Amino acid sequence: MAGTTEDPCGRETAENLARLSFPAGLGPAARARSAASHGSVEPSHQRLVEAVASGVAAPPIEFPGGTVARLVERVRFRNGTEAVHKVVYVEAEVHAEVLASLVGRALGARVPAVLQAGRREMYMELMTGRPAVEVLWSLAQARPFLESWDGLLLGVLDAAIDNRDRNAGNWIISDGGEIAGIDHAAVRTGEGRPGPVAGTTEPGEGAVRSPFAERWLARRGDGGDPEWIDNVVHPADLDLWIRAVHSLQPHFDQRGYPEWWRAITGRLRAIRTHAKGPQPWLATRTRLNSRSQGPAARPSRRSPSPRRAR
């Protein structure tokens with residue numbers, strides 16, 4: 001493992017890890033989940049920082065990374081925390097994982113906290129469960145998860161960051177039925193196509209591949225460009241999301257991705273123009289990630305085909 005875990009006492013590891021991962025700090029407006037004080041690290045990130053500082057307790061269990069990453073392994077630390085340690089080939093993938101995680105958590109989506117530990121190295125919060133590809137056999141079986149409140153949040157994340165890789169191996173299902181999105185290294189980090197209204201961005205070709213994003217966008221006709229469609233969220237909720245993601249601008253700027261940040265906020269503004277929900281869900285303090293309290297699903301333009309989910 002890289003030098004960030006070599007100090008057995010961890011005297012400077014935690015401080016350096018937090019500084020490397022979040023040079024701009026994490027204020028309260030940057031997250032929908034946390035009410036921590038300005039500049040502090042939210043609880044999930046703090047647990048990862050403390051875990052790495054405590055040192056590794058047992059030999060890691062390597063996952064097959066194939067050509068996607070140099071190394072992917074499950075690590076148990078001395079303080080009892082488990083995490084995923086990942087070493088990639090390209091530094092940009094670390095930036096994509098960190099920034100996509102910050103956006104997802106600002107939106108309230110269930111995605112892992114991510115800490116950068118080196119130029120091409122990171123630690124990721126372990127999300128318990130099994131990949132959907134190991135649990136589901138058809139898109140029809142996936143439909144209840146896609147239409148859940150957690151699914152709605154993953155969908156707006158995929159639509160905002162233009163995630164082209166939300167296949168059935170990149171979201172997991174827990175024993176209790178909760179879902180979470182993982183692996184955001186392949187998102188499209190470009191500036192996107194400007195929308196017809198100033199400050200908005202058209203949907204990308206990446207997100208149209210996400211089954212979760214179908215509640216936010218669809219192709220125009222057969223094989224046409226993707227377009228935004230009406231959604232079930234209230235404009236007041238989009239305002240909260242836009243403010244939360246807007247406060248993440250320093251993180252994008254310091255990592256060299258200002259165009260991606262503008263594209264993300266532009267997509268959220270475009271989604272707001274199609275927000276037709278009858279009542280606010282987040283603005284009225286409705287509990288996030290509750291399948292029973294989220295807005296009801298609307299019929300999709302696409303019909304699930306009886307094939308194995310991929």
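These exercises walk through the helix packing and the core of a predicted model.

Residues are numbered from 1 along each chain as its sequence is written. In this predicted model, local features need pLDDT of at least 70, side-chain atom pairs count only at pLDDT 80 or more, totals for chains, interfaces and linings use all residues, and side-chain values use heavy atoms, with hydrogens and water left out.

**Exercise 1. Describe the chain as a whole.**

Step 1: take the secondary structure. The protein chain has 9 helices and 10 strands. Helices (H or I, at least four residues) and strands (E, at least two) are DSSP runs, numbered from the N terminus.

Step 2: take burial. Of the 310 residues, 53% are buried. Buried means under 20% relative accessible area, with a 1.4 Å probe and protein chains only.

Step 3: take contacts, meaning heavy atoms within 4.5 Å. Among those between residues at least 6 apart in sequence, 67% join residues at least 24 apart.

**Exercise 2. Work out how H3 packs on H6.**

Step 1: locate the helices. H3 covers residues 91–107 and H6 covers residues 149–161.

Step 2: read the geometry. The angle is about 135 degrees, and the axes are 10 Å apart. H3 is therefore oblique to H6. Axes are lines fitted to C-alpha atoms, for helices over the stretch in contact, and angles run from 0 to 180 degrees between N-to-C directions. Under 35 degrees is roughly parallel, over 145 roughly antiparallel, 65 to 115 roughly perpendicular, and the rest oblique.

Step 3: list the residues. H3 gives Ala100, Val103, Gly104 and Leu107; H6 gives Leu153, Val156, Leu157 and Ile161.

Step 4: sort them. The contact has 7 nonpolar residues, 1 polar and no charged. Ala, Val, Leu, Ile, Met, Phe, Trp, Tyr, Cys and Pro count as nonpolar, Asp, Glu, Lys and Arg as charged, and the others, Gly among them, as polar.

**Exercise 3. Repeat the analysis for H6 and H9.**

Step 1: H9 spans residues 258–273, and H6 packs with H9 at about 130 degrees, axes 8 Å apart. H6 is therefore oblique to H9.

Step 2: Val156, Ala159, Ala160 and Ile161 of H6 meet Trp260, Ile264, Arg267, Leu268 and Ile271 of H9.

Step 3: the classes are 8 nonpolar, no polar and 1 charged.

**Exercise 4. Place Val103 in the core.**

Step 1: the largest nonpolar core has 77 residues. Such a core is a set of buried Ala, Val, Leu, Ile, Met, Phe, Trp, Tyr and Cys residues joined through side-chain atoms within 4.5 Å.

Step 2: Val103 is among those with the most contacts inside this core.

Step 3: not counting residues up to four places away in sequence, Val103 touches Leu157, Ile161, Val245, Leu248, Phe252 and Ile264.

Notes: Buried < 20%, exposed > 50% of the residue type's maximum accessible area, 1.4 Å probe, protein only.
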